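Visitor: I should like to understand the terms used for this model, and on what grounds each one is applied. May we look at the structure together?

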4 protein chains.
Amino acid sequence: MPDLVFPLDSTKKFTEQQLLGHNRWHHAIPPAVTVKPGDSFRVHCREWFDGAIENNDSAEDILNAPLTTVHTLSGPIAVEGAKPGDLLIVDILDVGPIPQEDSGPLAGQGWGYTGIFPTDNGGGFLTEQFPDAYKAVWDFAGQTATSRHVPGVSFTGIVHPGLMGTAPSKDLLGTWNTREAALIATDPDRVPPLALPPEPQDAILGSLTGDEFAAAAAEAARTAPPRENGGNQDIKNMTKGTRIFYPVFIDGGNLSVGDLHFSQGDGEITFCGAIEMGGFIDLRVDILRGGMDTYGVSENAIFMPGNTDPQYSQWLAFSGTSVTLDGEQRYLDSHLSYQRACLHAIDYLTKFGYAPEQAYLLLGAAPIEGRLSGVVDIPNACATVYLPTAIFDFDVTPGHGGPVQIDPGMGAPHASR
Amino acid sequence: MPDLVFPLDSTKKFTEQQLLGHNRWHHAIPPAVTVKPGDSFRVHCREWFDGAIENNDSAEDILNAPLTTVHTLSGPIAVEGAKPGDLLIVDILDVGPIPQEDSGPLAGQGWGYTGIFPTDNGGGFLTEQFPDAYKAVWDFAGQTATSRHVPGVSFTGIVHPGLMGTAPSKDLLGTWNTREAALIATDPDRVPPLALPPEPQDAILGSLTGDEFAAAAAEAARTAPPRENGGNQDIKNMTKGTRIFYPVFIDGGNLSVGDLHFSQGDGEITFCGAIEMGGFIDLRVDILRGGMDTYGVSENAIFMPGNTDPQYSQWLAFSGTSVTLDGEQRYLDSHLSYQRACLHAIDYLTKFGYAPEQAYLLLGAAPIEGRLSGVVDIPNACATVYLPTAIFDFDVTPGHGGPVQIDPGMGAPHASR
Amino acid sequence: MPDLVFPLDSTKKFTEQQLLGHNRWHHAIPPAVTVKPGDSFRVHCREWFDGAIENNDSAEDILNAPLTTVHTLSGPIAVEGAKPGDLLIVDILDVGPIPQEDSGPLAGQGWGYTGIFPTDNGGGFLTEQFPDAYKAVWDFAGQTATSRHVPGVSFTGIVHPGLMGTAPSKDLLGTWNTREAALIATDPDRVPPLALPPEPQDAILGSLTGDEFAAAAAEAARTAPPRENGGNQDIKNMTKGTRIFYPVFIDGGNLSVGDLHFSQGDGEITFCGAIEMGGFIDLRVDILRGGMDTYGVSENAIFMPGNTDPQYSQWLAFSGTSVTLDGEQRYLDSHLSYQRACLHAIDYLTKFGYAPEQAYLLLGAAPIEGRLSGVVDIPNACATVYLPTAIFDFDVTPGHGGPVQIDPGMGAPHASR
Amino acid sequence: MPDLVFPLDSTKKFTEQQLLGHNRWHHAIPPAVTVKPGDSFRVHCREWFDGAIENNDSAEDILNAPLTTVHTLSGPIAVEGAKPGDLLIVDILDVGPIPQEDSGPLAGQGWGYTGIFPTDNGGGFLTEQFPDAYKAVWDFAGQTATSRHVPGVSFTGIVHPGLMGTAPSKDLLGTWNTREAALIATDPDRVPPLALPPEPQDAILGSLTGDEFAAAAAEAARTAPPRENGGNQDIKNMTKGTRIFYPVFIDGGNLSVGDLHFSQGDGEITFCGAIEMGGFIDLRVDILRGGMDTYGVSENAIFMPGNTDPQYSQWLAFSGTSVTLDGEQRYLDSHLSYQRACLHAIDYLTKFGYAPEQAYLLLGAAPIEGRLSGVVDIPNACATVYLPTAIFDFDVTPGHGGPVQIDPGMGAPHASR
């Protein structure tokens with residue numbers, strides 16, 4: 001085990017730890033720890049809601065999830081000598097649930113959860129069809145996940161950090177705030193909102209205090225979106241063995257990481273669509289001096305996935321185009337096309353006895369592939385979603401006998417106002 | 001070899017063949033041939049422009065490509081007993097370039113092409129960055145493609161039909177025309193257009209003649225977009241061994257197929273991004289009686305890909321978010337995110353000596369993966385594009401030594417007005 | 001299609017063709033055709049028994065198969081400039097059944113066969129347990145094989161040439177004859193024999209005639225075994241896209257090829273365990289000057305398999321050790337270990353309702369993996385055999401419900417004296 | 001983390017632990033722990049020599065390795081209710097090096113080793129060519145292994161237990177001893193020996209003491225070979241996610257496990273060819289009542305490998321036949337064929353600058369595939385060995401430029417008498 005440079009005690013809140021992380025992006029947050037190029041080290045990560053979501057059969061916690069508190073990130077980790085213009089090479093040596101803890105109240109202690117967030121508290125990819133709150137709790141057995149709320153499936157986790165990135169520079173932060181404010185201004189009262197402005201309420205900024213804290217909290221960026229620094233990319237393929245190249249925007253790079261996922265489908269479609277958990281991540285860092293210019297990587301991460309992702313060789317695929325459910329034709333809208341493909345998959349699975357929300361939760365959590373199949377054939381983009389058939393305990397392929405009927409069990413916990 | 005039910009003679013134009021196909025969708029086009037459930041049969045397919053694009057070092061043919069003439073489809077093929085509400089099971093037994101013809105003037109005779117279409121004649125995914133016409137000719141050696149216009153790469157073809165589908169019903173056709181006309185009306189003079197209205201000019205409608213032809217041509221749908229009937233889905237994974245389930249909208253189903261691709265990346269991003277060719281496809285059909293309702297497949301194809309796609313185990317990936325090149329923040333726009341990811345890949349490849357258009361042509365033609373990685377993290381969708389590193393003759397990964405410099409050769413032919 | 005340099009007419013016997021191949025190895029057999037380095041070309045191949053095995057429900061043809069007539073090889077193909085000491089680079093561009101012929105009396109015309117050869121006419125890997133003759137006929141649909149004699153399975157072919165190699169030099173031929181004669185001499189009357197001595201009866205030696213024919217026929221090597229020149233290696237992974245490096249022993253190299261297989265498991269265990277067929281192979285050749293010494297490849301082929309083999313992700317595996325069925329302990333005998341692993345797999349499959357010979361035929365023909373798992377743990381070698389579960393129409397994995405019972409159908413045709 | 005039922009303290013010898021394991025097979029060894037069907041639990045495993053092999057640059061420890069002390073096994077673990085005739089279902093939930101210990105003197109603390117054993121102390125697959133002792137120490141970084149003794153390669157570990165199995169019955173033990181004694185009697189003074197008879201010296205038999213110990217030690221079977229109970233199978237594919245079905249021969253089954261490998265090639269060819277280490281394994285057990293008869297599994301394990309083994313898509317393969325290096329023809333000897341294939345691979349790698357022993361060590365430790373390609377083509381079996389090219393830092397494929405020359409570095413430590 002590499003040196004543990006950012007420990008978390010599972011019995012304490014995120015704000016009561018030996019080292020304090022952060023839940024906003026800001027250049028002034030001091031490094032919690034400093035490492036050297038070539039170092040390997042372990043980082044503990046808290047699940048994104050710091051324990052607010054429980055291992056039970058109620059979705060009230062999802063309904064009222066405290067969105068201003070996320071994401072509880074570990075870091076910043078400064079890398080000695082990293083300078084703006086460099087690329088920070090980050091190798092994911094290992095990543096997993098909370099080590100040596102197989103049961104307990106904290107996601108990552110042998111279990112995790114997937115949530116469908118209600119329209120008025122986060123929403124999700126298909127929030128028009130699923131406006132209420134639902135939850136599925138997943139149990140881990142080794143690398144396999146199963147859920148009492150979504151029967152009939154089990155799958156190998158594709159474990160990855162949902163969120164990792166370097167700190168923005170002051171200028172870059174300004175750019176973010178300006179452009180996101182402009183978007184919000186086009187429809188400021190929208191539910192769910194178009195974007196999330198800086199929010200001092202519940203801000204955690206590492207060791208910043210007093211006026212410095214107040215100044216930074218007023219302008220620090222929310223962690224929800226992925227941006228030029230990587231961030232909340234939710235790329236399911238950033239698994240063990242992956243090498244990532246992050247742009248460096250400030251001295252030291254100031255890498256932060258969190259939002260670990262035991263598994264996730266492409267898109268993380270239920271908003272909190274992954275199987276959320278806390279855990280650990282082992283990283284090794286190095287510097288590619290001047291790499292941003294040398295390789296033309298001025299923003300966003302580039303990466304090389306590892307070679308131990310779970311393998312499946314039979315898939316059932318659904319396609320969608322950019323026509324709304326109401327029949328309105330949109331122009332080359334791949335986002336809509338993927339929504340339609342996912343809705344087709346949900347319709348299909350309900351024929352086997354799943355409730356629609358069970359199917360939706362499953363698509364968020366299982367290692368489905370979502371592809372931009374056709375993006376130029378005006379006016380319809382074509383997106384496709386691929387389900388590995390081997391994750392089902394029954395034959396999920398179409399046949400002359402018609403769909404078998406599963407027992408949907410207790411169903412997914414539901415809550416609404 | 002299964003019975004050849006739809007032959008094409010490579011020495012004759014598409015309109016001079018023994019059986020005449022079509023290049024519009026219309027319910028009244030009579031079947032060119034009728035098969036029985038359980039039948040296997042071979043169909044010849046003409047490349048989508050019927051030979052207008054040549055194996056040379058000029059892009060004038062792309063610049064002036066006759067878009068009203070596409071796609072030259074083989075069919076309709078009626079399946080005895082198929083009724084609206086059924087699912088038509090279509091197995092792709094085999095698919096490839098023109099059999100027994102390894103050289104000649106027709107794409108599919110040992111070669112194919114990829115085109116970047118100019119903004120005023122089709123455009124493409126990145127038409128703002130690439131407003132002119134470019135072309136790459138690819139040579140086939142067995143299942144491998146190489147190009148004198150894009151040096152330094154060779155890859156195994158992922159052969160598939162770009163376009164296959166059943167005939168729309170009269171009602172469905174009406175729906176298409178209504179909704180697409182409404183979209184066009186929002187910006188009727190846009191270049192490139194938002195959608196393509198019915199166009200009698202150059203229409204080919206099988207054996208229809210006289211008034212029937214005229215009536216159908218006036219309302220028949222263009223073949224560019226994928227729609228409820230499948231159509232121009234450009235799904236690169238519909239390879240040999242794939243089983244597809246198409247909704248049946250009229251008696252007999254009336255399946256048509258064309259637009260074969262020797263290879264393609266997810267998205268077919270250069271508009272004519274695949275390696276276009278004519279060739280053959282061997283199909284087997286069956287009927288899943290009442291399957292549309294039984295399985296909830298009221299529209300769009302569902303499918304199970306084959307298991308012999310080319311395998312790669314190392315990938316170099318690029319990510320993008322939904323911020324425009326001008327810095328404008330868009331709301332969860334996966335289409336834009338994928339554009340940005342592709343532009344990042346192009347920027348990267350130019351550091352190795354490729355011209356931007358060479359990189360763009362390569363991304364269209366090579367078996368790249370395009371994934372909707374994050375679709376819920378407001379306001380930024382995250383899309384990713386994965387390049388298999390093994391297709392490059394050189395080390396394309398980032399390293400301390402910096403990028404090697406390739407010889408870009410003669411470059412990609414270019415044409416503009 | 002590359003130029004067809006070695007054509008075969010399916011309506012004529014192997015000996016009545018325009019170009020005459022051969023069925024023995026000898027340096028004096030003149031090239032049937034000469035190609036240049038860099039050339040691509042097509043070669044037709046006849047199934048190894050030249051049509052003696054029929055598409056029917058009798059195994060009499062297997063019982064009396066004319067073993068002195070095999071293998072009907074296409075070639076020799078001389079490569080201009082190839083010299084002893086070079087490596088001949090051979091790319092398999094494509095390989096498949098007889099093109100454009102989907103039915104007919106010749107294996108490769110839409111069908112192929114697997115045979116269990118009787119102990120007194122060839123034998124096989126498990127001839128002690130299976131002393132009689134059995135046959136399974138397999139039908140091809142695209143790349144998929146099924147058999148009326150082995151119900152409940154279908155699989156994607158892993159098409160490859162069972163036999164390809166360069167001509168031996170005079171010295172090398174002498175070495176073969178000497179060492180094999182010495183082995184035969186240790187038990188000259190063994191049934192089946194230890195090895196096959198030169199056999200003028202039924203020898204075919206290309207264009208050799210008269211005294212030259214007689215002299216060569218008296219010493220030409222049989223084609224059954226793989227040797228330093230490659231030969232009958234029966235490596236299932238030499239599929240489309242494979243590059244092979246053969247040692248060159250005489251001027252021109254004199255490459256020959258035949259014994260095409262639609263599919264085969266590792267070991268080709270039933271002797272004629274592959275799905276045997278005639279067909280075509282497209283090759284491209286080049287010369288690696290002096291490569292034998294440069295790369296230390298003085299004998300036997302080295303190769304790089306293609307990347308489009310059928311993919312399976314779930315396997316059921318059986319292990320065996322080097323103890324005979326009678327309980328005798330042998331010393332590190334991987335051959336025996338693999339026999340025991342295969343027998344275990346057969347025992348297992350019979351619990352599902354298969355006759356033992358059906359299971360044996362299946363293991364020969366399906367794309368099973370056979371691995372040398374442990375070769376040093378005295379006194380027991382450990383070999384393992386892996387069956388892809390997806391080739392079965394039913395659930396073939398062990399479970400609490402016990403094995404489902406299939407309908408074994410008509411069974412495999414059987415013949416004995 | 002599942003409950004730790006068999007702990008090991010890295011600071012203490014195997015014989016000084018809280019629970020004492022064993023290094024011989026005997027039915028009378030009492031269970032160290034008892035679990036229930038359905039239980040998940042963790043077991044610590046000591047590296048097979050209990051720390052005798054050190055992380056240094058000398059091979060003296062290999063030369064004099066105390067072979068009578070192996071293998072230090074954890075267990076027996078009794079499963080409540082398991083009866084002879086049942087199958088014990090064992091799921092490998094997880095397996096890895098010593099958790100939370102990344103450095104230290106014990107293999108598994110961040111490092112492991114591969115040894116070539118001298119002919120007079122164990123020998124190995126190629127002991128005729130490599131009669132002396134050599135060692136390679138491998139360092140772990142996450143799931144990747146590299147070695148200062150074998151430069152130019154790095155690869156993802158394919159972690160697995162080399163040895164796991166149930167206890168033999170009294171009868172079965174008698175069978176082993178009888179048949180192995182008979183083999184030894186054919187050449188009792190052979191070096192290395194044909195098999196290993198019971199050896200009271202250094203025997204460890206769990207909690208047995210006094211007369212019971214003496215009686216058992218006199219007849220307990222050595223752990224070197226795999227046998228009917230599984231045992232030292234060294235199957236590299238028994239990785240995380242694998243389900244194994246072991247025959248039960250005595251009440252409780254009495255499962256034992258040890259000899260963990262960070263990686264291994266097929267065959268474990270250098271005798272101690274894997275990367276040896278201590279560590280942990282998480283198992284879940286269940287009982288398939290009467291499964292031995294129901295599924296025809298009277299001996300040897302059957303298993304279903306997991307789906308997260310490292311993936312490689314390009315391989316360089318070598319073939320061998322059953323002719324000795326001296327030119328003697330053997331009859332269908334797959335063991336010899338695999339030796340010849342491995343020797344060909346070694347010859348090839350030396351052309352790039354590796355010392356032969358470095359190449360040999362690499363083949364033992366890296367995830368190479370060894371296949372029984374042809375086992376029926378008298379008199380030559382054909383075996384093949386496949387090297388994943390991506391594990392090399394340089395281009396290891398043959399080309400016109402000839403092999404690049406690596407720096408072999410300090411070489412592999414060597415020792416001889």
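Guide: We begin with D:Pro76, which is found in strand 4 (residues 74-79) of chain D. Helices (H or I, at least four residues) and strands (E, at least two) are DSSP runs, numbered from the N terminus. The model is predicted, so local features need pLDDT of at least 70 and side-chain atom pairs count only at pLDDT 80 or more, while totals for chains, interfaces and linings use all residues. Residues are numbered from 1 along each chain as its sequence is written, and chains are lettered from A and ligands numbered from 1 in the order in which they are written.

Visitor: What makes the peptide bond from D:Gly75 to D:Pro76 cis?

Guide: The evidence is the angle omega, which is near 0 degrees for the bond from D:Gly75 to D:Pro76. A cis peptide bond also joins D:Ile378 and D:Pro379, with omega about -5 degrees. D:Pro379 lies in the loop between strand 19 (369-374) and strand 20 (382-388) of chain D.

Visitor: What is said of phi at B:Leu332?

Guide: Phi of B:Leu332 is near 40 degrees, which is a positive value in a residue other than glycine. B:Leu332 belongs to the loop between strand 18 and helix 5 of chain B.

Visitor: Why are helix 5 and helix 6 of chain C called oblique?

Guide: Helix 5 (residues 334-350) and helix 6 (residues 356-365) of chain C pack at an angle of about 130 degrees, with their axes 9 Å apart. That angle makes helix 5 of chain C oblique to helix 6 of chain C. Angles under 35 degrees count as roughly parallel, over 145 as roughly antiparallel, 65 to 115 as roughly perpendicular and the rest as oblique. The axes are lines fitted to C-alpha atoms, for helices over the stretch in contact, and angles run from 0 to 180 degrees between N-to-C directions.

Visitor: Is the crossing of helix 5 and helix 6 of chain C left-handed or right-handed?

Guide: The crossing of these two helices of chain C is right-handed. By definition, the near helix is then turned clockwise from the far one by less than a right angle, whereas anticlockwise would be left-handed.

Visitor: Which residues make the contact in the copy of this pair in chain D?

Guide: In chain D, helix 5 passes helix 6 in a right-handed crossing. Helix 5 of chain D contributes D:Cys342, D:Ala345, D:Ile346, D:Leu349 and D:Thr350, and helix 6 of chain D contributes D:Pro356, D:Ala359, D:Tyr360 and D:Leu363. Two residues are in contact if their C-beta atoms, placed from the backbone, lie within 7 Å.

Visitor: How do the residues of that contact divide by class?

Guide: There are eight nonpolar residues, one polar and no charged in the contact of helix 5 with helix 6 of chain D. Ala, Val, Leu, Ile, Met, Phe, Trp, Tyr, Cys and Pro count as nonpolar, Asp, Glu, Lys and Arg as charged, and the others, Gly among them, as polar. D:Thr350 is on neither named list, and therefore counts as polar.

Visitor: How many residues of chain A are in contact with chain B?

Guide: The contact involves 86 residues of chain A and 86 residues of chain B. On the side of chain A that touches chain B, 42 residues are nonpolar, 30 polar and 14 charged.

Visitor: What joins strand 17 of chain A to strand 18 of chain B?

Guide: Strand 17 (residues 302-304) of chain A and strand 18 (residues 315-321) of chain B run antiparallel and are joined by two bridges. The definition of pairing asks for at least two bridges found by DSSP, so these strands pair. A:Phe303 stands opposite B:Ala317 in strand 18 of chain B.

Visitor: How do you know that chain A and chain B meet through the same surface?

Guide: The reason is that 100% of the interface residues of chain A are also interface residues in chain B.

Visitor: Finally, what makes chain A and chain D related as by a two-fold rotation axis?

Guide: Chain A can be laid on chain D by a turn of 180 degrees and a shift of 0.0 Å along the axis, with an RMSD of 0.0 Å. The two copies are thus related as by a two-fold rotation axis. The C-alpha of chain A nearest that axis is that of A:Thr308, 2.5 Å from it. Such copies are superposed by least squares on the C-alpha atoms of residues with pLDDT of at least 70 in both.

Visitor: How many residues of chain A are in contact with chain D?

Guide: In this contact, 21 residues of chain A meet 21 residues of chain D. Strand 5 (87-97) and strand 16 (279-288) of chain A are the elements that give two or more residues to that side of chain A. By class, the side has six nonpolar, nine polar and six charged residues.
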